[in-house]
Amino acid sequence: MQSAPRNPTVVEKLRRYLISQEGVLFLIMLVAVLFLATRTDKFLTVDNLLQQGRFMTEVGLIAIPMTYIIITGGIDLSVGSIMGLTAIVLGWSWQELGFPLELAIVTGVLSGTLAGFVNGLFIVRVGVPPLIMTLATLALFRGLAEGISQARSARGYPEWFFELGQGEVLGIPTQLWLVIVSVIIFAIVLARTQLGRALYAIGNNETGARFSGLRVNRYLLLIYSFSGFMSGLAGYIFVSRVSTTRSDMGTGIELDVIAAVVLGGTSIFGGTGSVVGTMIGVVLIQLLKNGLALSGVTSDATIVVIGSVLIFAILVNNFVQLRRDGS
Amino acid sequence: MNKDKAAPTPRRPLDFLGIALAVVIIGTYFLLPFVIQPERGPSTVAVLTESKKANELGIFKTGIEIVPLAALGMLLLGAWNALVPGAARAISLLLALAGLVALVYYINFFRDYAAEQADFISQMGIAFWIMLGASAVAVLQVLIPRAVPTPRYRPAKLFGNQESVILFGLLLLVIVVGLANPRYLQERNISDNLAGNAYIAVAALGMTMVIVTGNIDISVGSLVGLLAVASGRLVVAGLPAPLAWLTPLVVGAGFGALIGFLVAYMRIPSIVVTLGMLSIIKGILIIWVQGERVTDMPADYFLSQMRPLGIPMPIIIMVLLTIGVALWMRYSATGRAFYALGGNAEAARLSGLSRRRLVMTVFILNGVFVGVASVMYSTQFNIIQATPPPALELSVITASVVGGVSILGGTGTAIGSTMATLLLNFIRSAMIFINISPFWLKAVQGLLILVTVLADLLRRRRQRL
């Protein structure tokens, strides 16, 4: 972006926001919401929107570290499998090993974090490309979940366990608070802290970042572990929401998450992107799914729409950014 | 550079031992009674099955003892050649391994035979072909000496490329599992394994080309599902079978062209385009098919069940396409341009290559290969499932990647990707044969993918030193 010689006026500032990645996406979302609201009156109600917030929690939580990772030019395909692994470790350590449930939760989320750490360790120390590493662990972690559980599901959790996944605080679903707080914290971390700037630097030029004295390895290890942690947390919330533990939990969620991140304007090649954009992407996808379902489109047809929106949104954004950079 | 052009090593008498041995082995085989049985037809080796009790032919007494001796000879000669500088080392080691396989195989055979459990020739059939192939290799080895004798001998050089890493992995797997459960080596199991997964290998060929250019296609799973059902419905609707085989190729090319257009001309990253296409195609499939399986296809439709010359059709298609793609990628201008584009897009552009045209080409080609794969898949059984095989795109990408395709583009070969598909599926079936709980199957598979990739990285690191 060219730096303006004088202080920009309010209008100019507004214009700049509007044609930013997030701005364009936000407009698309607004159009979609208004269109859907005219199709059915069940869509734009507080109850429905809060319910949708509940459903998008898992994708929303995992999308934050995924944004970080994609900004550095990496990718994490194993998040869904980590979710499954966490869920299984949680249920298994509680039922089979007799851990108290609190400890089982911690064990589950920790094992998720450890899984992410293993990804990071191989990527950083051994130099396995992230796509390949997480492709391998996509199979490995899911396999561990299946092996440990032997296809048995764990149910019968006590009442308080469901608080996070099914309860409400101040009229808003509990897990939605978690998402909101996480988004605020991690959006600030990405945009305003040294860590955040380092991630962009790594994504733009990893070698350059290394030579500038950034501790690239440490940052990468951190964000992959963070991804494991958030996937683990999402796994716990998922178990709490659906009241049972199965080894196939979170299958295919990696594609939803990546779609949301990319839709949110993060370049798959790294170097650009923001948590806010990602969240708009998450919300847009969820609202489209829900709104279309409510206006009578079968849920199968909605994935056609979502796929089209993904391509279309990137197309529009490319076009707008091209115009902006050109002028 | 003059040193590199040193004259080929002069032939030593020892080198010709291979030919002699090959002649002996081939000769022995054609003299053995179970090969020459005109009344039972030319493919006796695969067909004849008898137990010891019913051993009317007296095969055991008529010279089969030569076979393990020949195998031992192959093992020793191969091992010796591998240690001698100047011989083609990788081939020598292959020879030795083949000898070992055959040897192990026969030890098992004799054990079963003594226990009166042996299915005679079905146990011996494969080793026969291994020996025959290895003999041919032995001949080749003598004819193709190493042009450049390396000053220092390093075992690491044996693993000069990903293909040999996978091949050794495959052989090791076959030996170990074959020792644990000889039934694993039965011809039926091996040919089922090859034929049943050939469609994945074909799809992986297209994927390999796409990845070599630095792109990726994650929509192949849905596309295979869609095209398979389309082909099945067309033939049920009365279209002649050859047309029903061709249609998926054309439609696949069309989808490929659409993806290629979005990637090449609209400049959307391929992972994003195909992520979108994955949803779109899957949605179309679900809406159109409504969960109904396709049945009642006419009998002449089942391409994959045909066996010209006794070899299952999928294996023929897989082998031919792999050779074709390997040669095309290596020698054609466009094939080389794919590598150039993936290796360094800017340099490729400056050398006058059109990125747009190449990307279009590679995605259209990929579409055609997906079409072929879908026909192989849809004609495999008498029913075509309404949903594509789960996570097929992951199997395909994994096969390409394990086969040595760098995900960053620029490297990778067709042969590697096909062999990786085979390895992955042999691993899967091996686990059934050595009684690992099916619930651990995926974990072991993931671990093995990781090991393969690590072996590859280790090899590259060594080569750099």
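In this predicted model, the largest nonpolar core runs to 209 residues, and the members that touch the most others are A:Ile62, A:Val257 and A:Leu310 from chain A, together with B:Val202, B:Ala203, B:Val224 and B:Ala373 from chain B. On the chain B side, domain 1 (2-155) and domain 2 (195-464) each put at least three residues into this core. B:Val224 gives a feel for the packing there: leaving aside residues up to four places away in sequence, B:Val224 touches B:Ala203, B:Val370, B:Ala373, B:Ser374, B:Tyr377, B:Pro388 and B:Leu392. Two of those partners, B:Ala203 and B:Ala373, also sit on the list of core residues that touch the most other members.

Zooming out to chain B as a whole, the secondary structure is simple to sum up: 18 helices and 0 strands. Of the 465 residues in this chain, 46% count as buried. Sequence-distant pairings feature heavily too, since among contacts in chain B between residues at least 6 apart in sequence, 79% join residues at least 24 apart.

Next comes the interface. Here 39 residues of chain B are in contact with 37 residues of chain A. On the chain B side, the elements giving two or more residues are helix H11 (270-289), helix H16 (392-402) and helix H18 (441-464). H11(B) gives the most, with 14 residues. As for character, the chain B side that touches chain A splits into 30 nonpolar, 6 polar and 3 charged residues.

Chain A offers a helix pair to look at. Helix H9 (residues 174-192) and helix H10 (residues 194-204) of chain A have axes that come within 5 Å and cross at roughly 65 degrees. The crossing of H9(A) past H10(A) is right-handed. H9(A) makes the contact through A:Val189, A:Leu190, A:Ala191 and A:Arg192, while H10(A) uses A:Leu195, A:Gly196 and A:Leu199. Sorted by type, the residues of this contact are 5 nonpolar, 1 polar and 1 charged.

Back in chain B, B:Met431 is part of helix H17 (residues 414-433). B:Met431 has 19 other C-beta atoms within 10 Å, so it counts as partly exposed; being buried would take 20 or more. Not counting residues up to four places away in sequence, B:Met431 touches B:Ile436, B:Leu441 and B:Val444. Of these, B:Leu441 and B:Val444 fall within the 441-464 range of helix H18 of chain B. B:Leu93 is another matter: 338 residues from B:Met431 along the chain, with 26 Å separating the two C-alpha atoms.

Key:
Residues numbered from 1 in each chain as written. Chains lettered and ligands numbered in written order. Predicted model: local features only at pLDDT ≥ 70, side-chain atom pairs only at ≥ 80, totals over all residues. Core = buried A, V, L, I, M, F, W, Y, C linked by C-beta atoms within 7 Å. Buried ≥ 20, exposed ≤ 12 C-beta atoms within 10 Å, placed from the backbone. Domains from an automatic or database assignment. Contact = placed C-beta atoms within 7 Å. Helix = DSSP H or I, 4+ residues; strand = E, 2+ residues; numbered from the N terminus. Nonpolar A, V, L, I, M, F, W, Y, C, P; charged D, E, K, R; others polar. Axes fitted to C-alpha atoms, helices over the stretch in contact; angles between N-to-C directions. Left-handed = near helix turned anticlockwise from the far one by under 90°.
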